[in-house]
Amino acid sequence: ETLMFNGLTEESASERIKAVSYADDIKDPDNKIVTALITTMNEDKNVNVRLAALYAVAKFSDSRTVSDALIASLSKQTEPLMQIALINILTEKKETKAKEPIREILQDKKTLPPVKEIAQKGLQLL
């Protein structure tokens with residue numbers, strides 16, 4: 001846990017990704033770890049680090065807190081990779097609360113066509 005927390009503040013993106021990967025070894029994370037991963041997913045300046053944090057935290061999406069954070073993140077993310085990954089994860093989980101944020105992505109003029117296509121398919125699945 002300490003390695004993860006310390007690593008998330010590193011200057012190097014690869015060190016922050018390594019820190020996120022420590023979460024893979026944690027079976028039942030406490031709120032501090034989940035919060036750190038969610039914060040990294042939403043706020044890290046590097047999209048690869050955010051993506052790694054998304055996949056790490058998504059493993060705990062049976063938790064309502066994590067599911068709600070993933071749904072909330074949909075409205076914050078502007079990076080196509082993040083939008084696509086979030087839509088895929090939430091539709092796989094059959095997370096119907098994600099419908100509205102997915103609709104917002106569809107209506108946003110800045111959303112890229114491939115993202116809109118996946119958002120449309122995701123809505124149909126929900």
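How are helix 7 and helix 8 oriented to each other, roughly parallel or roughly antiparallel? Let's start there, and keep in mind that this is a predicted model.

So, helix 7 and helix 8, which covers residues 113-125, pack at an angle of about 150°, and their axes are 9 Å apart. The cut-off for roughly antiparallel is over 145 degrees, and helix 7 and helix 8 are therefore roughly antiparallel to each other. As for handedness, helix 7 passes helix 8 in a left-handed crossing. On the helix 7 side, the contact is made by K99, I102, R103, I105 and L106, and on the helix 8 side by V115, K116, A119, Q120 and L123. Sort those by class and you get six nonpolar, one polar and three charged residues.

Okay, next pair. Helix 5 is residues 64-76 and helix 6 is residues 80-92, and their axes come within 10 Å and cross at roughly 140°. Helix 5 and helix 6 are therefore oblique to each other. Here too we have a left-handed crossing, with helix 5 passing helix 6. Who's touching whom? From helix 5 it's S67, L70, I71, S73 and L74, and from helix 6 it's Q83, L86, I87, I89 and L90. That contact has seven nonpolar residues, three polar ones and no charged ones.

Now stay on helix 6, but look across to helix 4, residues 47-58. The axes of helix 4 and helix 6 come within 10 Å, and they cross at roughly 10°. That makes the two helices roughly parallel to each other. Helix 4 brings V47, R50, L51, L54, Y55 and A58, which meet L81, M82, A85, L86 and I89 in helix 6. By class, that's ten nonpolar, no polar and one charged. If you're following along on the structure, find L86: it's in the helix 6 contact with helix 5, and it's in the contact with helix 4 as well.

Last stop, the empty space. How big is the largest pocket? Its volume is about 200 Å³. There are 13 residues lining the largest pocket, and the closest to its centre are Q77, T78, Q83, D108 and T111. You've met Q83 already, in the contact that helix 6 makes with helix 5. The elements giving two or more residues to the lining are helix 5, helix 6 and helix 7, the last of these being residues 99-107. Which helix gives the most? That's helix 7, with three residues. And the lining as a group is a mix: five nonpolar, five polar and three charged residues.

That's the tour, thanks!

Technical notes. Residues are numbered from 1 along each chain as its sequence is written. This is a predicted model: local features need pLDDT of at least 70, side-chain atom pairs count only at pLDDT 80 or more; totals for chains, interfaces and linings use all residues. Side-chain values use heavy atoms; hydrogens and water are left out. Axes are lines fitted to C-alpha atoms, for helices over the stretch in contact, and angles run from 0 to 180 degrees between N-to-C directions. Helices (H or I, at least four residues) and strands (E, at least two) are DSSP runs, numbered from the N terminus. Angles under 35 degrees count as roughly parallel, over 145 as roughly antiparallel, 65 to 115 as roughly perpendicular and the rest as oblique. A crossing is left-handed if the near helix is turned anticlockwise from the far one by less than a right angle, and right-handed if clockwise. Contact means heavy atoms within 4.5 Å. Ala, Val, Leu, Ile, Met, Phe, Trp, Tyr, Cys and Pro count as nonpolar, Asp, Glu, Lys and Arg as charged, and the others, Gly among them, as polar. On a 1 Å grid over the protein atoms alone, a cavity is a set of points where a 1.4 Å probe fits but cannot get out, and a pocket is an open set with protein on both sides within 12 Å along at least five of seven lines; lining residues have an atom within 4 Å of a point. Grid points are joined across faces, edges and corners, and a volume is the space filled by probe spheres set on the points.
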